[in-house]
Amino acid sequence: KELAADWHNHDFQEFVPQSYEGHIVDATASASVLSYDPFNTSTTIPSITSSGHQGSTINPYTQDATNLSGTQYYQSANTLQASPAYHLYWPVGPQPTNLLGYQKTAHDFFIPDAIREDLQKKSEVARQVLPNSALPPIEQYHSLFCLDTTAQKNQSLFGYHTWIYKAVSSKDGSTYALRRLENFRLTNENAIRSAQPWKRILNGSVVTIHDCFTTRAFGDSSLIIVTDYHPCSKTLAEEHFKASPPRFHGGRAASSHIPEQVLWGYLVQIASALKAIHSAGLAARLLTPSKILLTAKNRVRLNSCSVLDVVQFENARPLSDLQADDLLQLGRLVLSIANNNQNAHLSLQKSLDNLSRAYTPRLKECVQWLLSPQPSPTTPSSPTGPNPVQKDVDTFLAGISDQFAMVFDNELHAQDTLVNTLARELESSRIVRILVKLNFINERPELDASQGNPAAASTAWAETGERYYLKLFRDYVFHQVDANGHPVTNLAHVLDCLNKLDAGSDEKITLISRDEQTVFVVSYREVKRGLESAFQDLLQAGRNSRK
Ligand SMILES: Nc1ncnc2c1ncn2[C@@H]1O[C@H](COP(=O)(O)OP(=O)(O)OP(=O)(O)O)[C@@H](O)[C@H]1O
């Protein structure tokens, strides 16, 4: 009880989460649980085996693969991997369900596999470079990497062959996507300027435009549009219209219909993008599956904004026509995804019939409204549903407000989950900070020298007074050996000690010098005090030397 109370003593620790009353278990023994009784002041930590039983001599953290396939947690110095083997970091195993309040599994302490893997893949893909690439640097953009995976180039959308490159800006070090239109001839300087207003469209469902210029770096005259880069993204065409083998469920071919929630999610996100675009006096102009990016699960962004404004600058159409066309194209987009057919709008009635068979009348009604022609101003308004006189994005948003509320709520839940996940990593950073402090102090030879006493430069500072505890504490945490003199590499022990140190617990530990001639019985609170004062000495010495 003393310990539990102390852990919540705010004099010593601003925030000690409940979760640290449990301790981390072997990363490799997925089914194992480390039970730790917070009321027991003994420092003995039960040893955990790969099968989850206590008391075995197998050390699950061993680096010896012949003993146990438990090397995953630590990076092996012998193997230099070209890319991370994601599955090795954290084995997913059966989750024990009958845990007591103070028991934790290793999974409880780190971010979920799926998120970690996703983020790692994204960062790896973002850093991909092609050695000996023949692609030239363009202005401040270097390390170009072609993102187009298809050899077939579709000229019909923009009227030019297009390429997409990932590139790094030497100005800010960020990674961008460059869309290149090959053989583009600029006949009017104002055409390029028409991309300027797009830079101000900062909407979660639009790939942000950063720059637009022409270049001769490729040996032709190319138009380059610089946009945000979203690693590991796919186009909606790649997601929904790529031929894939039929999936079977219970012996029958599984339904290939996209769930209605997903379609509403697309509708809501694109409607919000159109709201931002139309309000700025612009039009998206190209809402086609190959020009909408899927940047995460069910997360879409318009990816061709500004291109047609530049390319078709000379034959500009009235803005109201273009904006009305956006709504029509949105209707076609949803119809084609729902029908699993890119050309669904060509046989409209049949496609709408299919839609009503697989989806709710509400979705059909919404798509029909989008596909309906712009009503003439003389058409009387209807009291129910969107006003037919006003076929614009605001009327559309009002008409689907219930779906907006639903998607918004889903997003809030997703955000809550992410914040909780983030909180777990926050605890990891606590451990890192305390480790950094310890390492600043332990075996530091030069502090006396920095205070103007070079003769005294030795490990004496780090090894005298309260700091001696810290050295012995380091041995206690990291350099333990078992009864046979073999190193103990137990993650649970390390985390247990560091957490208690961070919390300044009153629990006592026995620190023994290496020659076994000196034994101290100290509390974590005392060690923490020593750590803090030694660290303050370091800070002070650093300030003095700068004076
Ligand atoms: N901003 C971006 N960030 C990351 N990847 C992108 C970005 N824009 C496009 N890509 C990727 O580049 C690839 C090619 O995109 P593009 O817009 O040229 O589509 P496409 O499928 O090649 O269409 P088209 O039929 O017009 O050639 C896609 O796989 C897409 O995932």
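How many helices and strands does the secondary structure of the protein chain come to? In this predicted model, the chain holds 16 helices and 14 strands. Of its 547 residues, 29% count as buried. Among contacts between residues at least 6 apart in sequence, 61% join residues at least 24 apart. The chain is divided into domain 1, made of residues 125-243 and 256-399, and domain 2, residues 418-546. The C-alpha centres of domain 1 and domain 2 lie 55 Å apart.

The nonpolar interior was examined next. In soluble globular proteins, nonpolar side chains tend to be buried together. Here the largest nonpolar core has 66 residues, and Leu267, Ile270 and Val334 are those with the most contacts inside this core. Helix α6 (residues 260-279) contributes ten residues, the largest share of this core. For Leu267, leaving out residues up to four places away in sequence, the residues touched are Val334, Cys366, Ile400 and Gln403. A second core, separate from the one above, has 18 residues, including Ile441, Leu472, Ala492 and Leu495.

The ligand is surrounded by 24 residues, the closest of which are Leu147, Asn154, Ile164, Ala177 and Ser290. By class, this shell has eight nonpolar, ten polar and six charged residues. Four elements, β4 (162-169), β7 (222-228), β8 (234-235) and α5 (236-240), each supply at least two residues of the shell.

Leu147, one of the closest residues to the ligand, is found in the loop between β3 (141-146) and β4. Is Leu147 buried or exposed, or does it count as partly exposed? Leu147 counts as partly exposed because it has 17 C-beta neighbours inside 10 Å, a number between the limits of 12 or fewer for exposed and 20 or more for buried. Apart from neighbours within four places in sequence, Leu147 is in contact with Ile164, Tyr165, Lys166 and Ala177. Of these contacts, Ile164 and Ala177 are also listed among the closest residues to the ligand. Leu147 and Pro231 are 84 residues apart in sequence, and their C-alpha atoms are 9.9 Å apart in space.

Helix α8 was compared with its expected span. Its 21 residues (319-339) should span 30 Å at 1.5 Å a residue, and the end C-alpha atoms are 30 Å apart, so the two values agree. Val334, one of the residues with the most contacts inside the largest core, has a number within the range of α8. Just after α8, Asn340 takes a positive phi of about 60°.

Positive phi values also occur at Arg285 and Ser306. Arg285, a residue other than glycine, has a phi near 70° and is placed in the loop between α6 and β11 (292-296). Arg285 counts as buried because it has 23 C-beta neighbours inside 10 Å. Ser306, likewise a residue other than glycine, has a phi near 80°. The position of Ser306 is in the loop between β12 (299-302) and α7 (307-311). Since 23 other C-beta atoms lie within 10 Å, Ser306 is buried. Both loop residues therefore satisfy the cut-off of 20 or more for a buried residue, whereas Leu147, in the loop between β3 and β4, counts as partly exposed.

How values were computed. Residues numbered from 1 in each chain as written. Core = buried A, V, L, I, M, F, W, Y, C linked by C-beta atoms within 7 Å. Contact = placed C-beta atoms within 7 Å. Near = placed C-beta within 6 Å. Nonpolar A, V, L, I, M, F, W, Y, C, P; charged D, E, K, R; others polar. Domains from an automatic or database assignment. Expected span 1.5 Å × (residues − 1).
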